[in-house]
Amino acid sequence: MTAIYNPNAPKKAANLSINSELLQQAKELGINLSQSLEETLADKVARRKEELWLEENREAIEDYNRTIEQRGVFSHGLRRF
């Protein structure tokens, strides 16, 4: 999978508010907060970008699907399965 961001970009400090009990449990379990946030945020960014792409291209996708329904795919007569 291609990275949606540069993993080698410099780190930047950020102030966050986190549920104190959840934070305590994460610390007790040795969970790396920065790494966990980056992984989760990268996943959310990727999903949101996909949603936006689908929204932006919805009309073209629907048009393409209508064309395929009407005419079939170009290789329809060539398939042997």
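A salt bridge is a side-chain nitrogen of Lys or Arg within 4 Å of a carboxyl oxygen of Asp or Glu. By this rule, the count in the present structure, which is a predicted model, comes to 6 salt bridges.

**Salt bridges**

One of these contacts joins the side chains of Lys 11 and Glu 38, with a distance of 2.6 Å from N to O. Lys 11 belongs to the segment before α1 and Glu 38 to helix α2, so this pair ties together parts that are 27 residues apart in sequence. Lys 11 counts as exposed because its relative accessibility is 64%, and the cut-off for that class is over 50%. Glu 38, with a relative accessible area of 31%, is partly exposed.

Other salt bridges lie within helix α2. Arg 58 and Glu 62 form such a pair; they are 4 residues apart in helix α2, and therefore about one helical turn separates them. Asp 63 and Arg 66 also meet in a salt bridge, and these two residues of helix α2 are 3 residues apart, about one turn of the helix. In addition, Arg 48, Glu 51 and Glu 55 are joined into one network by salt bridges that share partners.

The table lists three of the pairs with their N to O distances.

| Pair | Distance, N to O |
|---|---|
| Lys 11 and Glu 38 | 2.6 Å |
| Arg 58 and Glu 62 | 3.5 Å |
| Asp 63 and Arg 66 | 3.8 Å |

The residues of the two pairs within helix α2 are partly exposed: Arg 58 has a relative accessible area of 48%, Glu 62 has a relative accessibility of 35%, and the relative accessible areas of Asp 63 and Arg 66 are 42% and 41%.

**The largest pocket**

The largest pocket holds about 740 Å³ of space. It is lined by 26 residues, and the closest to its centre are Leu 33, Ser 34, Leu 37, Glu 38 and Leu 41. Helices α1 (20-28) and α2 (33-71) each supply at least two residues of this lining, and α2 gives the most, with 8 residues. By type, the lining divides into 19 nonpolar, 4 polar and 3 charged residues.

**The nonpolar patch**

On the surface, a nonpolar patch is formed by Ile 4, Tyr 5, Leu 16, Ile 18, Leu 22, Leu 37, Leu 41 and Val 45, which together have about 710 Å² of accessible area. Helix α2 gives the most to this patch, with 3 residues. Ile 4 is found in the segment before α1 and, at 33% relative accessibility, counts as partly exposed.

Technical notes
Residues numbered from 1 in each chain as written. Predicted model: local features only at pLDDT ≥ 70, side-chain atom pairs only at ≥ 80, totals over all residues. Heavy atoms only, no water. 1 Å grid on protein atoms, 1.4 Å probe; cavity = no way out; pocket = protein on both sides within 12 Å on 5 of 7 lines; lining within 4 Å. Points joined across faces, edges and corners; volume = space filled by probe spheres on them. Nonpolar A, V, L, I, M, F, W, Y, C, P; charged D, E, K, R; others polar. Patch = residues over 30% accessible without salt bridge, like charges linked within 9 Å, V, L, I, M, F, W, Y side chains within 5 Å. Areas by Shrake-Rupley, 256 points an atom, 1.4 Å probe, with all protein chains shown as cover. Buried < 20%, exposed > 50% of the residue type's maximum accessible area, 1.4 Å probe, protein only.
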